[in-house]
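Reader: Please take one small part of this structure and explain it slowly, following its connections outward to whatever it meets. I am in my first year, so please begin with any term I need.

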Amino acid sequence: MRTQVAIIGGGPAGLLLSQLLHQQGIDSVLLERQSRAYVLARIRAGVIETGAVELLREAGVGERMDREGLVHEGIYLATSNRGFRIDFKQLTGGTVMVYGQTELTFDLYQARDAMGGTMFHEVDQVRIHDADTDKPRVSFRHEGRDLSIDCDFVAGCDGFHGVSRKSIPDSVLREFERVYPFGWLGVLSKTPPVSDELIYASHERGFALCSMRNPNLSRYYLQVPLEHTVEQWSDDDFWQELRRRIPHDAAESLVSGISIEKSIAPLRSFVAEPMRWGRLFLCGDAAHIVPPTGAKGLNLAASDVYYLWRALCRHYEEGDDQGIETYSATALSRIWKAERFSWSMTRLLHRFPDQSSFDLRMQQAELEYLETSVAAQTSLAENYIGLPY
Ligand code: APR
Ligand code: PHB
């Protein structure tokens, strides 16, 4: 089998890249370890930056997002049960789109099917060969058969646990990581959102986040100790704790309900450099992870895809490899700024086990500075809506 770009991973990064390349007449084959149903059942983030919204429209998958997505012009930050608003629109002119990654992935699959995209699901034993030559190859097993793809380039869109990053020699790869001493317990419920915009609450008992998917589907999170398990948290316990941590007026109006999804996710900051080795390019979670506090995971996958898509178009359409040569540095520049923002939001809003009384005063002072300074709010707003591509 032969293709121009072999794409490993059928999450947002892989699907979006294959769609954009196909529109430009560049052939790709996508390999996904899981079934399509498994990928579509994932509950992930829900906030899309302006740049990613525009890229999704460019890819022809913006129609349902524009129809059903919620345009948000700000967020609330809360401390000591009292909230204040960061008005993105007034401060930067920008907004974000609230639209579930689950829906987005469905739209991407619809678009791939409509264009007759080549995708293999439930593959295993994916291996990348000769990435450091001009004839890379990807081998894999599918339905009991050993298959191989000769290609020009390999896009490693296979997430944090994928094979692509591990295919870069240890002598070349550098990894940077911070693991946080807590997790996020998330609940999805068929209840009306407690607020018209997201509430990020800092509380002495821990962080809480009130989010949503649509007017009848809410998403809530609580910071919990790493050792906690989902089984320890009944729905009633979750709602009771959430009410303790969010502003009193929100707590009083909160509509609770049965959790239709409940899970605990660890928090990590991670970056792998470089994001290119020969003709292998890393995209999305394969190269970096952010704590969800800044809602950057999906959005960084989108900007990586944008840079790689433009680079491959320049290669095939103009014979110009400038984009390919600069892909890693360009993507990492934006990634590190988003890592900084996500880390700073996490440090600001969470309680850390080893926090000193001085650290607590620093958090309180920073929140008070945010509440009273246009400059501080503008900085947060421009990072939250997404720095330019
Ligand atoms: N072979 C083929 N596919 C693989 C392999 C492999 N060896 N390993 C992993 N995969 C698949 C996973 O099953 C998954 O569907 O790669 C895909 C990677 O998708 P994501 O983990 O969603 O990563 P990405 O596409 O970069 O999107 C990042 O999605 O998961 C969220 O939090 C993440 O919001 C961020 C965004
Ligand atoms: C979500 O809706 O799942 C969500 C929103 C904002 C975040 C993290 C998660 O920062």
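Author: Two strands are said to pair if DSSP finds at least two bridges between them. With that in hand, and remembering that this is a predicted model, we can begin at Ile48, which stands opposite Met97 in strand β7. The two strands concerned, β3 and β7 (residues 96–98), are paired in the antiparallel sense over two bridges. They belong to an open sheet of three strands, whose order is β3-β7-β4 and whose pairing is antiparallel. Since β3 (47–48) and β4 (70–72) each have a single partner strand, they stand at the edges, and therefore one side of each is left without a neighbour in the sheet. In general, strands of a sheet pair through backbone hydrogen bonds, either parallel or antiparallel.

From the sheet we can turn to the nonpolar interior, where Ile48 appears again. The largest nonpolar core has 75 residues, and those that touch the most other members are Leu16, Leu17, Leu31 and Ile48. The element that gives the most to this core is helix α9 (residues 297–318), which supplies 11 residues. Apart from this core lies another, made of 31 residues, and Val47 is one of them, as are Val98, Phe207 and Leu367.

Helix α9 also holds Leu298, and this residue leads straight back to our starting point. Beyond residues up to four places away in sequence, Leu298 touches Ile48, together with Pro12, Gln101 and Leu104. Its relative accessible area is 12%, and because the cut-off for a buried residue is under 20%, Leu298 counts as buried.

Among the residues that Leu298 touches are Pro12 and Gln101, and these two also take part in a contact between two helices, where Pro12 is on the side of α1 and Gln101 on the side of α6. Helix α1 (residues 12–23) packs against helix α6 (residues 101–114) at an angle of about 35°, with the axes 10 Å apart, and the crossing of the two is left-handed. From α1 the contact draws on Pro12, Leu15, Leu16, Ser18, Gln19 and His22, while α6 contributes Gln101, Thr105, Leu108, Tyr109, Ala111 and Arg112. Sorted by class, the residues of this contact are six nonpolar, five polar and one charged. Leu16 is thus part of this helix contact and is also listed with Ile48 among the core residues that touch the most other members.

Leu31 is another residue in that list, and its surroundings can be followed in the same way. Outside its neighbours within four places in sequence, Leu31 is in contact with Ile7, Ile8, Gly9, Gly10, Phe120, Val123, Val126, Val138, Phe140 and Ile149.

For a last step, we can follow Phe207, which was named with Val47 in the other core. Phe207 is among the residues touched by Gln223, as are Gly206, Trp184 and Arg245. Gln223 lies in strand β16 (residues 217–224), and because its relative accessible area of 8% falls under 20%, it is buried. Strand β16 is joined by six bridges to β15, the two running antiparallel, and together they form a hairpin with two residues between the strands. Strand β15 (residues 208–214) is mostly covered, as six of its seven residues are buried. On another pairing, β15 runs antiparallel to strand β14 (residues 199–202), with three bridges between them. In the hairpin of β14 and β15, Gly206 takes a positive phi near 130°.

Conventions:
Residues are numbered from 1 along each chain as its sequence is written. Chains are lettered from A and ligands numbered from 1 in the order in which they are written. This is a predicted model: local features need pLDDT of at least 70, side-chain atom pairs count only at pLDDT 80 or more; totals for chains, interfaces and linings use all residues. Side-chain values use heavy atoms; hydrogens and water are left out. Axes are lines fitted to C-alpha atoms, for helices over the stretch in contact, and angles run from 0 to 180 degrees between N-to-C directions. Helices (H or I, at least four residues) and strands (E, at least two) are DSSP runs, numbered from the N terminus. A crossing is left-handed if the near helix is turned anticlockwise from the far one by less than a right angle, and right-handed if clockwise. Contact means heavy atoms within 4.5 Å. Ala, Val, Leu, Ile, Met, Phe, Trp, Tyr, Cys and Pro count as nonpolar, Asp, Glu, Lys and Arg as charged, and the others, Gly among them, as polar. A nonpolar core is a set of buried Ala, Val, Leu, Ile, Met, Phe, Trp, Tyr and Cys residues joined through side-chain atoms within 4.5 Å. Buried means under 20% relative accessible area, exposed over 50%, partly exposed in between (1.4 Å probe, protein chains only).
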